[in-house]
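User: I would like to learn how to read the features of a helical model step by step. Could you take me through the general ideas and then through the case shown here?

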Amino acid sequence: MRRVRAGLLALVHLATGLGTAPVAGLLIVALVVFTVLWAVGVGFWLLPRVLRGVRSLADLERTRLVWVGHELVGPGELPRGLRAALADAALLREVVWLVPYATLGTFLRIVGLQLAGYAVQYTTAPAWWRLVPELTATRAAALDAHAVELRRIERSLHDGSQNRLVAVTVLIGAARRGLARDPAFADELLERAQSAAELALVELREVVRSVLPPC
């Protein structure tokens with residue numbers, strides 16, 4: 001139970017960190033902008049507020065670390081005034097800490113949450129994989145449908161067009177053999193062969209149209 005509780009607290013810590021990391025990124029941008037403005041003599045009263053925001057975020061992170069079992073003591077409230085704040089050694093460490101917290105920290109949190117999700121998925125898979133469609137079932141269904149369609153096309157060709165083409169061949173052969181003895185009968189056979197060939201062509205068009213229907 002202790003390990004489960006520690007694991008859940010770690011997941012909560014990772015998830016809540018994804019909400020504070022963007023704040024760290026905004027503070028970095030604000031520090032850069034207001035430092036430039038302060039250097040040119042504009043917005044000097046905004047920079048101390050941003051520095052207090054850095055201290056507040058750092059205090060929040062210390063509180064979150066205490067929740068997961070770490071013992072930390074914060075440096076206290078940031079001194080009033082820009083010079084006094086800049087003289088605070090802990091503030092300088094907190095400003096430097098913003099960069100890895102907003103970048104590398106976000107990356108590691110996402111990776112950690114993904115690994116936890118994969119662990120839960122693969123651990124519980126034996127209990128639920130039969131209840132939901134899988135990629136394998138979808139692929140098998142697609143292959144079965146493909147096989148059924150191929151058999152349908154084969155039957156259509158065998159029972160229709162192939163038989164008619166065989167009849168055409170037989171009729172033409174009979175007409176060639178009877179051409180010298182009875183030209184009128186041979187001509188009749190050729191007409192029947194032509195009709196059978198035309199019907200075979202119609203059926204072939206229908207089979208092709210069923211394979212690839214018009215848009």
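Analyst: What follows goes from the whole chain to one helix pair and then to single residues. This is a predicted model, in which local features need pLDDT of at least 70 and side-chain atom pairs count only at pLDDT 80 or more, while totals for chains, interfaces and linings use all residues. Residues are numbered from 1 along each chain as its sequence is written, and side-chain values use heavy atoms, with hydrogens and water left out.

User: What does the secondary structure of the protein chain come to?

Analyst: Helices (H or I, at least four residues) and strands (E, at least two) are DSSP runs, numbered from the N terminus. Here the protein chain has seven helices and zero strands, so that its elements, read from the N terminus, run α-α-α-α-α-α-α.

User: How are burial and contacts to be read for the protein chain as a whole?

Analyst: A residue is buried under 20% relative accessible area, exposed over 50% and partly exposed in between, with a 1.4 Å probe and protein chains only. In the protein chain, 23% of the 215 residues are buried. A contact means heavy atoms within 4.5 Å, and among contacts between residues at least 6 apart in sequence, 68% join residues at least 24 apart.

User: Which span should the 21 residues of α2 have, and how far apart are its end C-alpha atoms?

Analyst: The expected span of a helix is 1.5 Å times one less than its number of residues. For α2 this gives 30 Å, and the end C-alpha atoms are 31 Å apart, which agrees. Helix α4 (residues 89-102), with 14 residues, reaches 21 Å from its first C-alpha to its last, close to the 20 Å expected.

User: How do α2 and α4 pack?

Analyst: Axes are lines fitted to C-alpha atoms, for helices over the stretch in contact, and angles run from 0 to 180 degrees between N-to-C directions. Angles under 35 degrees count as roughly parallel, over 145 as roughly antiparallel, 65 to 115 as roughly perpendicular and the rest as oblique. The axes of α2 and α4 are 10 Å apart, at an angle of about 75°, and the two helices are therefore roughly perpendicular to each other. Among the residues that make this contact are Leu51, Ala58 and Arg64 of α2 and Leu91, Leu98 and Tyr101 of α4.

User: Which residues of these two helices are buried?

Analyst: An α-helix has 3.6 residues a turn, so residues three or four places apart point the same way. The buried residues of α4 are Ala90, Leu91, Glu94, Leu98, Tyr101 and Ala102, and those of α2 include Leu47, Leu51, Val54, Ala58 and Glu61.

User: Is Arg64 buried or exposed, and what does its side chain join?

Analyst: Arg64, in helix α2, is buried, with a relative accessible area of 3%. A polar contact is a pair of N or O atoms within 3.5 Å; within protein, one must be able to donate a hydrogen and the other to accept it, and residues adjacent in sequence count only if both atoms are side-chain atoms. One such contact, of 2.3 Å, joins the side chains of Arg64 and Glu61. Beyond its neighbours within four places in sequence, Arg64 is in contact with residues including His13, Thr20, Tyr101 and Arg109.

User: What is found at the start of α4, and what follows α2?

Analyst: At the start of α4, a side-chain oxygen of Asp88 reaches to within 3.0 Å of the backbone nitrogen of Ala90. Helix α2 is followed by Gly69, whose phi is positive, near 110°.
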